[in-house]
Amino acid sequence: MAICMAAVLLVMSLGFFVILQIQERSLREADEKNVQKSLAIYCSNVISASSTGGADMRDTTLRSVAAYYFSAYARLVQTENVFYSLVCDGKYLYDMSPYDPYAVFEDSEEEGESIKRIRMGEDAVIVGRYSFELLGQKFEAYMSMNVSETENKISGLRMLCITVLLLGCIIMAAILALLVRHILSPIEKLTENAVSISKGEYHLRTNYESNDEIGILSTAFDEMSAAIEEKITHLDTELQKRQLLLGALSHEMRTPMTAIIGYADSLMRMPLSDAQKNECAKKIYDAGKHTERLAQKMMELIGLSDAGQIEKSTLDAAEFAEELKAMVPPQVKIDCKVQSLYGDKTLLLSMVANLVENAVRASDDSPEVEVLITENQNRIQFIISDRGCGIAPEQISLLTEPFYRVDKARSRKKGGAGLGLAICKKICEQHGGTLSIESEIGRGTTVTASIITI
């Protein structure tokens, strides 16, 4: 931008310079032509008047006549800034000029008509010479014109050009400053936002829209800021979940460890009967097994958080159903309506078994649990339904959170750790699917785990 404006100023300067030179030359040439033309007419009149006396005039008389007519015409045409002089044989016959015109051409080798421009103090003067011959006698007529007014006009033009150029420079500098400010404003905002983002204000955006490079940069910066904010938000959410998970794990571990320590202390310090000792040992064993199951579930959950850790293959659905029957209670009904499955066999069996186990726990009074394996819209669905107590609507969205349990007392009693549904959800996600839960209090629950087909 600055280079373009400098180029414009340079072109303007060159244009003004050329125009000024043309105007100066025009004014000066006009003065010089005026001097030449006026002097020629003047001398022709003097020659015409002086020649009437005839050829018998002597040189002295001829000079006197020429000087007379020259002075007479001079008085008629002489103005404030124009002076005439007549020279013969190096001597003035008539001279009213304050500039000594003869001396101006004294060293000049030119003869006849000639023009010179001189400076006499503060005055600019044009001196014109016109040589003529009268009855064999040579004369030189001089016309001195003060052209200071013309030079003042030329100086005025120069000052005008300089003033216009200075004003142009000032105006262009102001325009350039405004343009630079306009251009740098989004860059300055980008810089401020970058500093703010580095301090944690990830929501900031420039919101500068234009079709130039700055607009493209601003759009890219906003997209980068949005991506960073989304990533940071995701990381914060994951960190919060991990912290909650660790907190819940610590809480869950505290109960069996308290039982182990309490019963172990009783065995060591208190006099107990054999039956009481066996009871303490059983409590310690149960608490240890619970801790073991909890640790195993945690390892499964952490392992499933890493994508790409499963080995998928095409599975025979009938064989899968037979293996599943061996893992679940005999009262569970399994109905398989597909030919094949695609996924990690071990994880899928673990997922369905977990869901069946939850359904059985919720079905104390009505142990009927059904498993339906079907295909719907290019997805394999595992639908596990029970006729148990059901779940309140406000609790359904929390069921897949680690360690969340609807009935904590009953879950601990039956060995639940609150991680089963969280693991099932992870297995579904690893297979490109989802886990959905529908339930109604007193009428039972239906869990649908879907995975993608090949």
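Buried here means under 20% relative accessible area, with over 50% called exposed and anything in between partly exposed (1.4 Å probe, protein chains only). By that yardstick, Gly-420, Leu-421, Ala-422, Ile-423, Cys-424, Ile-427, Cys-428 and Gln-430 of helix α11 are buried. Bear in mind that this is a predicted model: local features need pLDDT of at least 70 and side-chain atom pairs count only at pLDDT 80 or more, while totals for chains, interfaces and linings use all residues. Residues are numbered from 1 along each chain as its sequence is written, and side-chain values use heavy atoms, with hydrogens and water left out.

**The chain overall**

- The protein chain has 11 helices and 12 strands; both are DSSP runs numbered from the N terminus, helices being H or I with at least four residues and strands E with at least two.
- Out of 454 residues in the protein chain, 35% count as buried.
- Take the contacts (heavy atoms within 4.5 Å) between residues at least 6 apart in sequence: 61% of them join residues at least 24 apart.

**Helix α11 and its partner α8**

- Helix α11 spans residues 420-430 and is mostly covered, with eight of its 11 residues buried.
- Right after α11 comes Gly-432, which has a positive phi of about 70 degrees.
- The axes of α8 and α11 come within 9 Å and cross at roughly 145 degrees; axes are lines fitted to C-alpha atoms, for helices over the stretch in contact, and angles run from 0 to 180 degrees between N-to-C directions.
- On the α8 side, the contact uses Leu-347, Leu-348, Met-351, Asn-354, Leu-355 and Asn-358, and α11 brings Gly-420, Leu-421, Cys-424, Ile-427 and Cys-428.
- Sorted by class, this α8 and α11 contact has eight nonpolar, three polar and no charged residues; Ala, Val, Leu, Ile, Met, Phe, Trp, Tyr, Cys and Pro count as nonpolar, Asp, Glu, Lys and Arg as charged, and the others, Gly among them, as polar.
- The α8 and α11 crossing is left-handed, meaning that the near helix is turned anticlockwise from the far one by less than a right angle, whereas clockwise would make a crossing right-handed.

**Helix α8 against α7**

- Helix α7 (residues 317-327) packs on helix α8 (residues 345-361) at an angle of about 45 degrees, and their axes are 10 Å apart.
- That makes α7 and α8 oblique to each other; under 35 degrees would be roughly parallel, over 145 roughly antiparallel, 65 to 115 roughly perpendicular, and the rest is oblique.
- The crossing of α7 and α8 is right-handed.
- From α7, Phe-320, Glu-323, Leu-324 and Met-327 meet Lys-345, Leu-348, Leu-349, Val-352 and Ala-353 of α8.
- The class tally for α7 with α8 is seven nonpolar, no polar and two charged residues.

**Buried hydroxyl side chains**

- Ser-71 sits in helix α2 (residues 59-77) and counts as buried because its relative accessibility is 9%.
- A polar atom of the Ser-71 side chain lies 2.8 Å from the backbone oxygen of Tyr-68.
- Neighbours within four places in sequence aside, Ser-71 is in contact with Tyr-42 and Tyr-94.
- Helix α4 (residues 148-198) holds Thr-150, which is buried at 12% relative accessibility.
- With neighbours within four places in sequence set aside, Thr-150 is in contact with Leu-27 and Asp-31.
- Ser-196 also lies in α4, and its 18% relative accessibility counts as buried.
- Setting aside neighbours within four places in sequence, Ser-196 is in contact with Glu-201 and Leu-204.

Methods. Polar contact = N/O pair within 3.5 Å; in protein donor to acceptor, adjacent residues only side chain to side chain.
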